[in-house]
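Subject: Structure handover

Hello,

Here is the structure for you to look through. My notes follow below it.

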4 protein chains.
Amino acid sequence: MCGVSGCYLLKENEAGVYNYLILHANQHRGQESAGICVYDGLRLVGKKGMGLVTEVFDRPDLRKLSGPVGIGHVRYSTTGASELVNAQPFKVGYSKGELALAHNGDIVNSEELRRELVSDGHAFVSETDSEVIARLLAVALTETDDMFEAFEDVMERLVGSYSLTVITSHGDLIAVRDPWGFRPLCLGWDERGFFVSSETVGLDVLGVEERRELERGEVVWIREGDVESKVVRRERKAVCMFEFVYFARPDSIIEGRCVYECRKCMGKRLAEEAPVECDLVVPVPDSGRTAALGYAESLGVPMEEGLIKNRYVGRTFIMPEQEERVRSIRVKLNPIREVIKGCSLAVVDDSIVRGNTSRQIVEMLRDAGAREVHMRIASPPVVSPCYYGIDMATKEELIAADLDVPEICEKISADSLAYLSLEGLVESIRLKKRELCVGCLTGEYPTPVPE
Amino acid sequence: MCGVSGCYLLKENEAGVYNYLILHANQHRGQESAGICVYDGLRLVGKKGMGLVTEVFDRPDLRKLSGPVGIGHVRYSTTGASELVNAQPFKVGYSKGELALAHNGDIVNSEELRRELVSDGHAFVSETDSEVIARLLAVALTETDDMFEAFEDVMERLVGSYSLTVITSHGDLIAVRDPWGFRPLCLGWDERGFFVSSETVGLDVLGVEERRELERGEVVWIREGDVESKVVRRERKAVCMFEFVYFARPDSIIEGRCVYECRKCMGKRLAEEAPVECDLVVPVPDSGRTAALGYAESLGVPMEEGLIKNRYVGRTFIMPEQEERVRSIRVKLNPIREVIKGCSLAVVDDSIVRGNTSRQIVEMLRDAGAREVHMRIASPPVVSPCYYGIDMATKEELIAADLDVPEICEKISADSLAYLSLEGLVESIRLKKRELCVGCLTGEYPTPVPE
Amino acid sequence: MCGVSGCYLLKENEAGVYNYLILHANQHRGQESAGICVYDGLRLVGKKGMGLVTEVFDRPDLRKLSGPVGIGHVRYSTTGASELVNAQPFKVGYSKGELALAHNGDIVNSEELRRELVSDGHAFVSETDSEVIARLLAVALTETDDMFEAFEDVMERLVGSYSLTVITSHGDLIAVRDPWGFRPLCLGWDERGFFVSSETVGLDVLGVEERRELERGEVVWIREGDVESKVVRRERKAVCMFEFVYFARPDSIIEGRCVYECRKCMGKRLAEEAPVECDLVVPVPDSGRTAALGYAESLGVPMEEGLIKNRYVGRTFIMPEQEERVRSIRVKLNPIREVIKGCSLAVVDDSIVRGNTSRQIVEMLRDAGAREVHMRIASPPVVSPCYYGIDMATKEELIAADLDVPEICEKISADSLAYLSLEGLVESIRLKKRELCVGCLTGEYPTPVPE
Amino acid sequence: MCGVSGCYLLKENEAGVYNYLILHANQHRGQESAGICVYDGLRLVGKKGMGLVTEVFDRPDLRKLSGPVGIGHVRYSTTGASELVNAQPFKVGYSKGELALAHNGDIVNSEELRRELVSDGHAFVSETDSEVIARLLAVALTETDDMFEAFEDVMERLVGSYSLTVITSHGDLIAVRDPWGFRPLCLGWDERGFFVSSETVGLDVLGVEERRELERGEVVWIREGDVESKVVRRERKAVCMFEFVYFARPDSIIEGRCVYECRKCMGKRLAEEAPVECDLVVPVPDSGRTAALGYAESLGVPMEEGLIKNRYVGRTFIMPEQEERVRSIRVKLNPIREVIKGCSLAVVDDSIVRGNTSRQIVEMLRDAGAREVHMRIASPPVVSPCYYGIDMATKEELIAADLDVPEICEKISADSLAYLSLEGLVESIRLKKRELCVGCLTGEYPTPVPE
Ligand SMILES: Nc1ncnc2c1ncn2[C@@H]1O[C@H](COP(=O)(O)OP(=O)(O)O)[C@@H](O)[C@H]1O
Ligand SMILES: Nc1ncnc2c1ncn2[C@@H]1O[C@H](COP(=O)(O)OP(=O)(O)O)[C@@H](O)[C@H]1O
Ligand SMILES: Nc1ncnc2c1ncn2[C@@H]1O[C@H](COP(=O)(O)OP(=O)(O)O)[C@@H](O)[C@H]1O
Ligand SMILES: Nc1ncnc2c1ncn2[C@@H]1O[C@H](COP(=O)(O)OP(=O)(O)O)[C@@H](O)[C@H]1O
Ligand code: SF4
Ligand code: SF4
Ligand code: SF4
Ligand code: SF4
Ligand SMILES: [Mg+2]
Ligand SMILES: [Mg+2]
Ligand SMILES: [Mg+2]
Ligand SMILES: [Mg+2]
């Protein structure tokens, strides 16, 4: 997955710094690489690198990224190997100058589009969908100078999820959300200018109060200090439910819903659907914490932080080569024996993908003295892969693809296991089911998908 | 502050990897630099660097740090500038070979000791206390080959806090805790060998079950596969209360007490001492969370995670130069308006040092719609600096040094403010007051301190 | 300028190492960036970086660059800023797979070609001519699988100098020399396989004895272990005279001529054309040394190395900011006072471009006690810029563009100044004048050039 | 070997830049690591790193190294592994403040001195002689504030070669040459201040005209803008002849002799002692070039640069793992077949150490068509190791240790071989034999040496 940012400053030249701050707030959306590209009044200049925003940029970098308009990107690879050439923003020279593009999402038909482009003689330098979009846009812009028209062409071709920020060497900033609205994207403004962020937390950090989310299919075009907007193409609404369940920060607002409150509601609803007699509710930190709060509150059982997460586990941790030397889960999570010894636990997590982590957690908690371990999952089973940018696993790896709930329960050796129902999930989010993408839960996707 | 590690392997050569894992679990004790030094069967070889354990060491480094015995260190500077020359372990050649030393703590009389040594013609390459200890040890070891005797000499001279791990080019591992027991240090063992860690979490990650904490004044000397131990010097017990309040990981055990339970107890006790009518209890994450749980539970008011911490804030974040561009607190903490709007909040944190953060939190919560903000602090006011390794601030900067509680309350603009009492604290930890250091709370220190 | 390399191994997989060695021998052709790309049996994998070959590649890199076929590049920028994105080889995915291209030269009509391509909707990621060539080639290869046909199309469009090496993900290696033969390119072979190098010194280092230079307009296509060759397009011969005068290594063979011997001959001829009464002949090292030997020999005057060049002057030397602190020439060249004091000197250099260096040399030699300083230049005055890849300077900066020889002599404060005549140059190289490019000496170029 | 630098500025604060320039001119004396340490008006601050001066320091580094007084060092390791901890200047805190020291040379009795120091309880952090000297100096300075007195003590203890620059946190600069005068050291001055450099070329680059070499045993102490000097200890003169033969830059002046002229004289003298009938004289570049000029001139045979050296061969070149893939000599030296084919050659080099290079050169020249190859060496056979800082090889590796000249000739397959006589060498240098160290040529050393 990825996060995107953008800014259009009316009086300042600190586009680099503003994008740095927005990206930093969206860092959880991608830790593999980071990049910023700014219009310096003349040309587009950028820097990208592997690692966190704070690892890629130092103070001299930010000083060099000086200009009134800029975009940024944080990346966790779905398409394209983990190499610098695949990092974004993706910058190109085209018929009218230069443009740079940052993309969050996954294009379902990108291979087909790429094939069409190369059979027209186009040549690609990266493996990313972003390059496909950039090249389609470059083609469209040979015919027109109107960004709305160009994006009409481009969006007609693209199937899949895309929240985009784009800048040009004319100093324009464009923000785009795909016609289904899979991924979040919001726009804020105040006297300093306009700001774009994948999640609202990117505006919070700047203290930007005025804001709205982009509509699905909307193109926002900011130039010469003015904002124009147009809904260029529209499909059925299909907001990714997984943003609410796991991916987004709890303090973000998506489709007008506070993610924290949705998660808490999922926990409460789960308590109604699948209560359990237990001494303690224990969250799997950090992603299970909010639902656990709701679950415990609703059940009237105390919550205890019986598992502590090492906050320094990340991209660069080196797992020892001999697996037996240390159980990998212990590097990340540590049970507090004093808290859980002799207790019957309801352990709440947001979701189960492969099931390995859950199995190890159960085993670890038993070793630490838990009498019973009941797993409670605040979303339905994931039975099918995601084609829209969430790198869950292949179908084969999904534990719920072939096993039913009792089988999974056995596999992870829990005393009991329950998932939130699809209805429970949908009602917790308070969107209609037909407004959400729930493809990975049902196998029914809002767009055609590859076989 | 700092963390130290050590291992003595009976069958393997992976001392580098084991220290890496122990240090990683102790990473919260110091993020500025990291180092590992191993005995490779012949000599001591090491690597140190600025940054996190995962930033300093890559896989080839760990392969090179091959040998049966080794020590490690993570550092947050108190003495000595933030430079590589001050990173540890500190390695020297001495009369009997080589030794390397890792130190957690602060030596109160180090300037005096340093002055004595240089007036004997010694010359120092760093500004660290560790070098003072290492040079004293080197002098002592010219007279004797017995580590206990040598440390008797050394510990007679040292005033202050020190948990040490030491290795020699004879392949010995030594672990030492100062005569007051300021800082934690524990020893674990199983069929793989012996392991030393500042906190017990460093043993948890390895799955080492057999363990004990070192006694104050104890020297553990492991050589040729055998452990010998001796309490070499003893002063009044003075375990740092701040380890329980803030510094240690909640899942660690210190002086037999589970830190998490102590913190929860502080929260409960605070609820008894300073209850408040409120709609919600909100922790200041992460350090206030455990006490907040206890406070909420005891008060019978729901707890909500109304403040979300950006987990990527760290050492390398670049704060924009023009302060006004963004309020610094917003980069780290974000309130959830939907949760707190219109509510009266009891905000629980572990401690207040300078007061800046608390002031900004109160302001931010009000801006986000909180009706009332009552600060509840799960420890007594800090009125005096620490001389034993916790880098709190100078006396001038301590908000409670000159102001009483109502004045502080006004300064941070809270609706009310209450601290835990000293008795409350002591009873939550369940040690006797005379067994704890509470110097920074009372100005009465367990050792002579500089004027 | 740049250098290119290529290899096609029949039995080994060390394409990375072979290209490393060839590039290292061609390092004088470009010190700004270096890159290698190999076909690993499946795909093209590469590495490029800023700096010397030895700075960009370490042993693990070379191990990773494993495969039977590969190309390489060293770059000194003429088009495109000094950034990694402009480094080569340039790799793209096209309709039939992947291809990578390394280019030495300068395309005169590249802006026009680029404009045509972008108006067809192509988008460019770099500012290099190499990308223009690669995109033209990608377009051509949509129509045909025949490399000769494809290059017929491409070479019809390209005006300017280009020696190319290309690999594809089918494992083919292609080497191309432009229809004028501006830049050198040679092919060698033995039982290990086929090797391509800008200069013959790249084959010398491998001990490859069998070799030939590519003809102008020739395309060599190696696939499935077989070599095919075809002269695809031919224009008048226009070998760059400056390769003989300055650019190439003296131990290289170009157009069958040994560069060292050509230079020596230029020196001898210069002695005939412009003898001088002097005590000593002093070369400006390193580029003036060979001609100086010839000049001294022919004149019968002893040669002395009266100027010593600091061999560590390079790309990364930091010139102090206050110019007056040190005369910049002194960092590079140092006169030996003991050798030249009181002497009348004939100072021999290969060429004068801006004239700054010559002026400083004269001044420095006088300061060091030279009685007379006679400058002797082993090539004619440079009066016009180069459009074919030698980054000499703009017309305005060329000292001989506006000044005649006596004026230049005055400007550089020499006692006398003489250049080699054009005839002298041509005869020293032993090619016909119409077979050489002498554009920068006469303003008459072998191709149309921009106004 | 190593090079040292120092400066004491009267009006400026650019000690970092001046040392950078002096070190750069002395770079040939050591390419492994570089370091600069300056007195910033208060304290000593420094930077050191592995690699060339231009690799270690960037512009921000030089800006940070701001202050009126500073020293520098370039290192090629003789004692101490190639690690950063062994890089210099070596900085310590001692009884009166801080001092830093840069050392060129080798202390014969350093192990003994180190043993004495550690048995007094001193502990060493590096393996360098410099640390031994610094600790002795620190001990001496506890007794006295007089640098002359302190160095009297220190120099009484030290046996071996040492040219030193030292700074203190009082802002003093001290330069010292050992009592034998093994290694060069010179002092220059003008209105900008005082400058110290291993070789005179370091003063040339600054345009400093006023200068003198330090006398053997002399201590120069610059403080508060005044220079004091004293010859503190004197032994028999023993200037290293190898500085003249090979090590120093040809444009340096040592003991009043121009190195270039000495080398030229060695070549002439060699022509008298060992003439040969030949078509061409060919130097082995770069070190053989000057002697070859003299040899050719004296013999009346033309000199040709029949061997070209790749100027990019250095510390970081990666030799391919399979030796047979490429003959290592070819990476460094390339013969010009056109020049030497069918000729009888007199090949002139400065010295033979192990003999490998000579053997490979002969073979390569024959392969390139030379009819006869006569090796002429412009110094006598090296039969014994150096104990004073030149890292020649162990006795076992020295080809002339066990073999006489005809045997060596056979081993390297030359048609004939001749060395310069010792008398010839001494007379070329124009010092008395008893004023030179010729230990490695005779086995008779000017000081006691280890067995
Ligand atoms: N700053 C933050 N504060 C709290 N939660 C966060 C923050 N950033 C991301 N998250 C949440 O963290 C969760 C992922 O964290 P976690 O469970 O610790 O890791 P994992 O991906 O291993 O499950 C997501 O639910 C996301 O919403
Ligand atoms: N892995 C961990 N999990 C939970 N808490 C931790 C962990 N590591 C350290 N801590 C706790 O984090 C606290 C410090 O974190 P926090 O409050 O987020 O930062 P700050 O130092 O800014 O107050 C300490 O109380 C420490 O006990
Ligand atoms: N800038 C320079 N110009 C010319 N000669 C130099 C320079 N710097 C060092 N030297 C000389 O280079 C010689 C060593 O170089 P060379 O023969 O090329 O390498 P090697 O050490 O392999 O023999 C020494 O004789 C030294 O005097
Ligand atoms: N390995 C080498 N040996 C000798 N000459 C070389 C080598 N590599 C490049 N050259 C020559 O060096 C010359 C450029 O060097 P030089 O005169 O020292 O630098 P500058 O570019 O400053 O004039 C060119 O003439 C080139 O032919
Ligand atoms: S398939 Fe699942 S994860 Fe993917 S967009 Fe749809 S709901 Fe989200
Ligand atoms: S003074 Fe305070 S922080 Fe320091 S050791 Fe004592 S209790 Fe701990
Ligand atoms: S213009 Fe001059 S430098 Fe350029 S190719 Fe022609 S001869 Fe060579
Ligand atoms: S032994 Fe040889 S190399 Fe060493 S100092 Fe004496 S003459 Fe020089
Ligand atoms: Mg999780
Ligand atoms: Mg905190
Ligand atoms: Mg030159
Ligand atoms: Mg040599």
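Start with how the chains pair up. Chain A superposes on chain B by a rotation of 180 degrees, with 0.0 Å of shift along the axis and an RMSD of 0.0 Å. In chain A, R311(A) has the C-alpha nearest that axis, 3.9 Å from it. Both copies use the same surface: 100% of the contact residues of chain A recur in chain B. Keep in mind throughout that this is a predicted model.

Chains C and D tell a similar story. A 180 degrees rotation with 0.0 Å of shift along its axis puts chain D on chain C, at an RMSD of 0.1 Å. The two copies are thus related as by a two-fold rotation axis. Within chain D, R311(D) comes closest to the axis, its C-alpha being at 3.9 Å. Here too the surfaces match. Of the interface residues of chain D, 100% are also interface residues in chain C, so the copies meet through the same surface.

What about the other pairings? Chain B and chain C have no contact joining them, and their closest C-alpha atoms lie 11 Å apart. No contact joins chain A and chain D either. Their closest C-alpha atoms also lie 11 Å apart.

Next, a residue with contacts in two chains. R289(B) is found in helix α10 of chain B, residues 289-299. Is R289(B) buried or exposed? R289(B) counts as buried, because its relative accessibility is 9%, and the cut-off for buried is under 20%. Leaving aside neighbours within four places in sequence, R289(B) is in contact with R289(A) and E305(A) of chain A. In chain B, again beyond those neighbours, R289(B) contacts P283(B), V284(B), M303(B) and E305(B).

In chain A, look at G288(A). G288(A) lies in the loop between β17 (280-283) and α10 (289-299). G288(A) counts as buried, at 0% relative accessibility. Outside the neighbours within four places in sequence, the contacts of G288(A) are P283(A), V348(A), D349(A) and D350(A). R430(A) is 142 residues from G288(A) in sequence. In space the two are 20 Å apart, C-alpha to C-alpha.

Now the nonpolar core. The largest one has 88 residues, and M241(B) and F244(B) touch the most other members. Helix α9 of chain B (residues 259-273) gives the largest share of this core, six residues. M241(B) is in contact with L425(B), I429(B), L436(B), C437(B), V438(B), C440(B) and L441(B), leaving aside neighbours within four places in sequence. In soluble globular proteins, nonpolar side chains tend to be buried together.

On to ligand 7. Which residues surround ligand 7? The shell is made up of R183(C), C240(C), M241(C), F242(C), C386(C), Y388(C), I390(C), C437(C), V438(C), G439(C) and C440(C). Two elements of chain C give two or more residues to this shell: α8 (241-247) and α17 (439-442). By class, the shell around ligand 7 has nine nonpolar residues, one polar and one charged.

You may want to know about cysteines. How many disulfides are there over all chains? The count comes to zero. Two examples show the spacing. The sulfur of C409(A) has its closest cysteine sulfur in C278(A), 15 Å away, too far for a bond. C409(A) is buried, at a relative accessible area of 12%. In chain D, the sulfur of C265(D) is 7.3 Å from the closest cysteine sulfur, in C262(D). That is also too far for a bond, because a disulfide needs the sulfur atoms within 2.5 Å. C265(D) counts as partly exposed, at 31% relative accessibility.

Last, a loop residue in chain D. S413(D) lies in the loop between α15 (405-411) and β22 (416-419). S413(D) is partly exposed, with a relative accessible area of 40%. Beyond neighbours within four places in sequence, S413(D) is in contact with V362(D) and R366(D). S413(D) and K48(D) are 365 residues apart along the chain, and their C-alpha atoms are separated by 45 Å.

Best wishes

Terms used
Residues numbered from 1 in each chain as written. Chains lettered and ligands numbered in written order. Predicted model: local features only at pLDDT ≥ 70, side-chain atom pairs only at ≥ 80, totals over all residues. Heavy atoms only, no water. Near = heavy atom within 4 Å. Helix = DSSP H or I, 4+ residues; strand = E, 2+ residues; numbered from the N terminus. Nonpolar A, V, L, I, M, F, W, Y, C, P; charged D, E, K, R; others polar. Least-squares fit on C-alpha atoms with pLDDT ≥ 70 in both. Contact = heavy atoms within 4.5 Å. Core = buried A, V, L, I, M, F, W, Y, C linked by side-chain atoms within 4.5 Å. Buried < 20%, exposed > 50% of the residue type's maximum accessible area, 1.4 Å probe, protein only.
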